[in-house]
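This report covers one buried position and the salt bridges of the structure shown below.

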Amino acid sequence: MTPTETSMDALRRSGDELADAVVATLFERGEVGKFNALMRHVSTTGQELPDGLPGVAREYLRVTGTPPDWVNWDEMERARLFFIDNNVHISTALSFASMPACYVVPHVARLLSATHGLNYPSKRMAETGQFTVYLMRPDAFEAGGRFLPAAQKVRLLHAAIRHHLKREDRWDTDTLGVPICQEDMIGGQMFFSLLVLDSLHRLGIHMSAEGAEAYYYAWRVVGAILGVDQAAVPRTLDEARGFLDLYMLRHMGPSEEGAHLTRQLIDLYEEVVPGTLFDPVVSALIRHLVGDTCADWLEVPRSAWDTVVKAAPHLLGVLETIEDRSPLGAWALDRLGHLTTALELSSLTRGRVMHYAIPEQLRKEYGVVGATARAGRWTPPPATVSS
């Protein structure tokens, strides 16, 4: 299925009927606070739901508590092994490519600033990191796994944002369609799957076609669990490329919120990196992975490290050679990758578990998104020839 402007416009008019109805009922009955308080204790699949949980929420958790019946579990296992083999690189791509890509979509940047605040990017990064780690655990979909409850909460969180923005007339629906619409949800799915794979390629990581397809497949499963219309989702990486290219052309551009969120992201990771000598590496990685056009829109500073970072593929190539030729080296690098990812996530969460609660209100200073949000259109940067 080839996406068109017409098909994309149709996706902008559609949200998530099931989750939207649940959230509307919870707000109508004044039960959001009770839901959030009780759901803090629901973190694993199969555990008994607490007494007093609102009936509409209990039914929602029952209906959405199992993965789609079409899931290919062999493909999901291939995706998990792909993640284990590339976890540090994937974490790098999520942090320095996927998140900035979200920020370079003006209306998405404003949504993020409304729900998490411009000064707390660690919450968004911690939620994303924890969500991905939960997804790639062996027991993700089994009793005791943490992924499905997290996904159920995220789906309601998205519905709550739609509810607030529409109820308070703080979203230009005529221009932008439904907030967190199907097009944006699929676009986000592309950012966290296809864009990650593109970033691994830019870093010089060697991937099998089967591994890349499996990783993309896993995020298709995630999309289905989060309420994405599967009839509209690209089935293959080639189809996904067409969708992502058109989505970028339609929406990407500069914005004040995007630049501010990026600055906060850079500051956050500069705090994680020991000392100050290597601080510019954060900006250089973002610029390398998203390209100069998007980096300039996000006001990512330039430095001498921009050239140094381009040597990353050569260093990673050496590490891959060690991994391929030595079983002990492979084990050591996989273990180091696991520990590095865990340390990064621990730094972002500060040891807390993220609960993905339904926001009871948005930031009051958040303004109405209008036609100007789409004024800046994405244009592909000039092609470069790799040496």
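## A buried isoleucine and the salt bridges

Isoleucine 225 counts as buried because its relative accessibility is 6%, under the 20% limit. The model is predicted. Isoleucine 225 belongs to helix α13, which spans residues 209–225. Leaving aside residues up to four places away in sequence, isoleucine 225 is in contact with Pro68, Phe141, Phe147, Leu148, Ala151 and Arg155. Its C-alpha atom is 7.4 Å from that of threonine 64, although the two residues are 161 apart along the chain.

The whole structure holds 18 salt bridges. Three of them are listed here, with the distance between N and O atoms.

| Acidic residue | Basic residue | N to O distance |
|---|---|---|
| Aspartate 9 | Arginine 250 | 2.9 Å |
| Glutamate 75 | Arginine 78 | 2.6 Å |
| Aspartate 267 | Arginine 263 | 2.7 Å |

Arginine 250 and aspartate 9 form a salt bridge. Arginine 250 is in helix α14 (residues 237–251) and aspartate 9 in helix α1 (residues 5–12), so this pair ties together parts 241 residues apart in sequence. Arginine 250 is buried at 1% relative accessibility, whereas aspartate 9 is partly exposed at 33%. Both residues are part of a network of salt bridges that also links Glu5, Arg12, Glu183 and Asp184.

The other two pairs each lie within one helix. Glutamate 75 and arginine 78 are three residues apart in helix α5 (residues 73–85), about one turn. Here glutamate 75 is buried at 16% and arginine 78 is partly exposed at 39%. Aspartate 267 and arginine 263 are four residues apart in helix α15 (residues 256–272), also about one turn. Aspartate 267 is partly exposed at 29%, as is arginine 263 at 33%.

Methods. Residues are numbered from 1 along each chain as its sequence is written. This is a predicted model: local features need pLDDT of at least 70, side-chain atom pairs count only at pLDDT 80 or more; totals for chains, interfaces and linings use all residues. Side-chain values use heavy atoms; hydrogens and water are left out. Helices (H or I, at least four residues) and strands (E, at least two) are DSSP runs, numbered from the N terminus. Buried means under 20% relative accessible area, exposed over 50%, partly exposed in between (1.4 Å probe, protein chains only). Contact means heavy atoms within 4.5 Å. A salt bridge is a side-chain nitrogen of Lys or Arg within 4 Å of a carboxyl oxygen of Asp or Glu.
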